[in-house]
Amino acid sequence: MAVPETIPIGYEPDYHTDTIGHWDDGQFLGSVVAAFSQGYTHTDDWLAHKRWYAVLHTFDAAGHHLGSRIERTGTDADHRASVDTAQHRLNHWLDALPGRRFGDINIRAFRYEFDDVLFGLVIETFEGDEHAELYPNNIGFYEPWDGSYDT
């Protein structure tokens, strides 16, 4: 089965997809996520290279990417402050979405680069099967395309 034009993502409270849903102008996908820059190779000071981000992607009702709001809030060298700041920022952005309601979404593949990190829902092939991978979260969506995912 081919990757569908719009990829369903199931809402799961208190888990990886607990900040997705709909708002007056369409759909949204938010997260607090850590990532290394593209091409990073492990070094002894890796904590200083693992960056934390607040992320909010918005989409129209048909699932087309409208824009992304991303802010780097620190590194793992100051883990707690970096994560807390990212969560606070994301909550602030979510609170500002008119008509916000959490729930399942259906969005199209998209790519957005920020701070030398890939953010997006990217169609990939692994062992001959196509799937959609959410970056930098590393969450995969596969057949039967019912909104469930693999981490």
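Here are some notes on the fold, the surface and the salt bridges of this predicted model.

1. Starting with the fold: the chain has eleven strands and one helix. Reading along the sequence, the order is β-β-β-β-β-α-β-β-β-β-β-β. The radius of gyration comes out at 15 Å, close to the 15 Å that the globule rule gives for 151 residues, so the chain is as compact as a globular protein of that length. If you like boxes, the C-alpha atoms fill one of roughly 45 × 40 × 25 Å along the principal axes.

2. On packing, 42% of the 151 residues count as buried. Take the contacts between residues at least 6 apart in sequence: 56% of them join residues at least 24 apart. As for the outside, about 8,000 Å² is exposed, with carbon and sulfur atoms supplying 47% of that area.

3. The charge count caught my eye. There are 26 negative side chains and 10 positive ones in the chain. The centres of these two sets lie 8 Å apart. Searching the whole structure turns up seven salt bridges, and a few of them deserve a closer look.

4. Which residue does E5 pair with in a salt bridge? The partner is R108, and the closest N and O atoms are 2.6 Å apart. This pair links distant parts of the chain: E5 sits in the segment before β1 (7-9), while R108 is in the loop between β7 (105-107) and β8 (110-114), 103 residues apart. The two ends also sit in unlike surroundings. E5 is exposed, at 60% relative accessible area, whereas R108 is buried, at 19%. The cut-off for buried is under 20%, so I'd read that label for R108 with its 19% in mind.

5. Next, K50 and D76, whose side chains meet in a salt bridge at 3.6 Å, N to O. K50 lies in the loop between β3 (26-35) and β4 (51-59), and D76 in the loop between β5 (65-75) and α1 (79-95), so the pair ties together parts that are 26 residues apart in sequence. K50 is partly exposed, with a relative accessible area of 22%. D76 is buried, with a relative accessible area of 11%.

6. Then there is D115, which forms a salt bridge with R51; their closest N and O atoms are 3.1 Å apart. D115 belongs to the loop between β8 and β9 (117-126) and R51 to strand β4, so this bridge ties together parts that are 64 residues apart in sequence. Is R51 buried or exposed? It counts as buried, at 14% relative accessibility. D115 is partly exposed, with a relative accessible area of 26%.

7. That bridge is part of something wider: R51, R72 and D115 are linked in a network of salt bridges. Worth bringing up all three side chains together when you look at this region.

8. Last one, S37, which brings us back to R51. S37 is in the loop between β3 and β4. At 19% relative accessibility, S37 counts as buried. Leaving out residues up to four places away in sequence, what does S37 touch? The contacts are R51, D116 and V117. So R51 turns up again, here as a contact of S37, having already appeared in the salt-bridge network with R72 and D115.

How values were computed:
Residues are numbered from 1 along each chain as its sequence is written. This is a predicted model: local features need pLDDT of at least 70, side-chain atom pairs count only at pLDDT 80 or more; totals for chains, interfaces and linings use all residues. Side-chain values use heavy atoms; hydrogens and water are left out. Helices (H or I, at least four residues) and strands (E, at least two) are DSSP runs, numbered from the N terminus. The radius of gyration is taken over C-alpha atoms; the globule rule is 2.2 Å times the number of residues to the power 0.38. Buried means under 20% relative accessible area, exposed over 50%, partly exposed in between (1.4 Å probe, protein chains only). Contact means heavy atoms within 4.5 Å. Accessible areas come from the Shrake-Rupley method with a 1.4 Å probe; for residues, only the protein chains shown count as cover. Lys and Arg count as positive and Asp and Glu as negative; His and the chain ends are not counted. The place of a charge is taken as NZ of Lys, CZ of Arg, CG of Asp or CD of Glu. A salt bridge is a side-chain nitrogen of Lys or Arg within 4 Å of a carboxyl oxygen of Asp or Glu.
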